[in-house]
Amino acid sequence: MAILRGGRRIGNFDIRLGLPRDKSLVDVAGDPRLKRTQAGSGTIQRFLSQINVGEGFARTNRYIVRINPPSKIETNNNKVPPSERYQGVANNELEGTQMIENVDMMCSKVTLPNRDIATAPHQMYGPRREMPYTYQYSANIECTFYGDKFLRQRLFFENWQKKIIDINSHNLDYYDNYVGSMDIMQLGQFDSKQDDDARVTYAVRLYEVYPQTIGSMDLSYGADNEIASVPVTLNFRTWRNLTIDQINGATVGKPNAGVPEIKASKDFGLFSGILGKLPPEFQRAGRDVAQAVTRNFPIGKISGGRLYPPYG
């Protein structure tokens with residue numbers, strides 16, 4: 001409630017003034033309690049700051065895989081001397097570079113490998129300790145590939161499995177002759193930014209990879225528009241993080257990030273510079289006058305009755 005309030009009608013304008021008791025809301029923008037500093041301590045501010053350091057969240061659909069099949073490919077001619085048997089060239093279309101690129105792009109789902117620390121109980125005195133003695137993996141990952149008309153993606157892995165065990169003689173080949181490697185890379189999250197959509201932000205490489213299981217596929221008359229998916233389980237021996245193990249000086253985000261600030265609205269010419277500093281009672285009176293001017297004077301007819309800052 002105001003200490004003193006009164007009003008007077010001057011012409012077509014009703015001017016009302018008063019002296020308020022509380023002036024805490026006179027200058028809201030200048031209230032020091034509402035200002036944010038660079039080192040804000042609020043929970044939300046700290047959370048946003050950490051997100052800015054990491055340049056946002058990773059997206060599970062932003063990835064690419066690169067399968068590197070065995071570099072030594074055995075020819076089908078048994079008369080070739082052993083010293084010339086491994087030529088490193090493709091025997092058929094399924095072993096060519098274009099087919100490998102096709103399989104890489106058709107990978108619709110992949111799982112990053114896990115890593116566990118194996119422990120053994122050790123007790124000398126008091127409660128026992130679980131002492132690490134080695135690290136281990138699940139030894140396989142699950143992948144899913146889109147299948148084209150000829151299911152060439154399935155043929156690719158079937159042809160790879162033929163290098164492991166001969167389907168005619170049932171003989172096993174040497175281990176080093178049929179294992180390859182595989183890279184799984186996380187990409188940037190912004191598609192529209194050329195400097196981030198193809199940026200590798202996280203990468204792992206699997207060693208001694210070979211297709212262990214080519215999963216079964218269900219065919220159904222009722223699935224009219226369903227795309228065929230080829231499930232494949234790849235076996236591997238070990239894996240390494242390329243980002244921290246093989247890339248010197250790798251960057252994993254911004255060095256620091258500021259706390260988002262709430263900026264005050266910009267000034268709007270003479271009205272905001274002068275009338276904006278008046279007490280609220282005078283600002284309300286000025287607003288009424290400005291509204292009447294815009295409605296009745298020619299400028300109001302030109303603008304269609306629109307108001308202008310700071311009154312609009």
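Start by selecting Phe157 and Trp160: both are buried, where buried means under 20% relative accessible area, exposed over 50% and partly exposed in between (1.4 Å probe, protein chains only). This is a predicted model, in which local features need pLDDT of at least 70, side-chain atom pairs count only at pLDDT 80 or more, and totals for chains, interfaces and linings use all residues. Residues are numbered from 1 along each chain as its sequence is written, and side-chain values use heavy atoms, with hydrogens and water left out.

Stay on those two. They lie 3 residues apart in helix α3 (residues 152-162), about one turn of the helix. Helices (H or I, at least four residues) and strands (E, at least two) are DSSP runs, numbered from the N terminus.

Now show the rings. The structure holds 9 aromatic pairs; Phe, Tyr and Trp rings (for Trp, the six-membered one) pair if their centres lie within 6.5 Å, with planes under 30 degrees apart called stacked, over 60 edge-to-face and the rest tilted. Add Phe156: with Phe157 it makes an edge-to-face pair, 5.1 Å centre to centre and 85 degrees between the planes. Phe157 and Trp160 are stacked instead, at 6.4 Å and 10 degrees.

Next, select Tyr135, Tyr137, Phe236 and Trp239, which ring pairs link into a cluster. Bring up Arg115 too: its charged end sits over the Trp239 ring, 4.1 Å from the centre. That label requires NZ of Lys or CZ of Arg within 6 Å of the ring centre and within 35 degrees of the ring normal.

Then go for the largest nonpolar core, meaning buried Ala, Val, Leu, Ile, Met, Phe, Trp, Tyr and Cys residues joined through side-chain atoms within 4.5 Å. Of its 29 residues, those touching the most other members are Ile141, Phe145, Phe157, Met182, Leu206 and Leu234. Colour β9 (200-214) as well, since the largest share of this core, 5 residues, comes from β9.

Which way do the side chains of β7 point? Ile141, Cys143 and Phe145 point to one face and are buried, while Asn140, Glu142, Thr144 and Tyr146 point to the other and are not. Around Ile141, pick out contacts (heavy atoms within 4.5 Å) including Val110, Met182, Leu206 and Leu234.

Last stop: the neighbours of β7. Strand β4 (residues 107-110) pairs with β7 in the antiparallel sense over 3 bridges; pairing takes at least two DSSP bridges between two strands. Val110 stands opposite Cys143. β10 also pairs antiparallel with β7, over 7 bridges, and there Val230 is the bridge partner of Phe145.

Methods:
Lists of a residue's contacts leave out its neighbours within four places in sequence.
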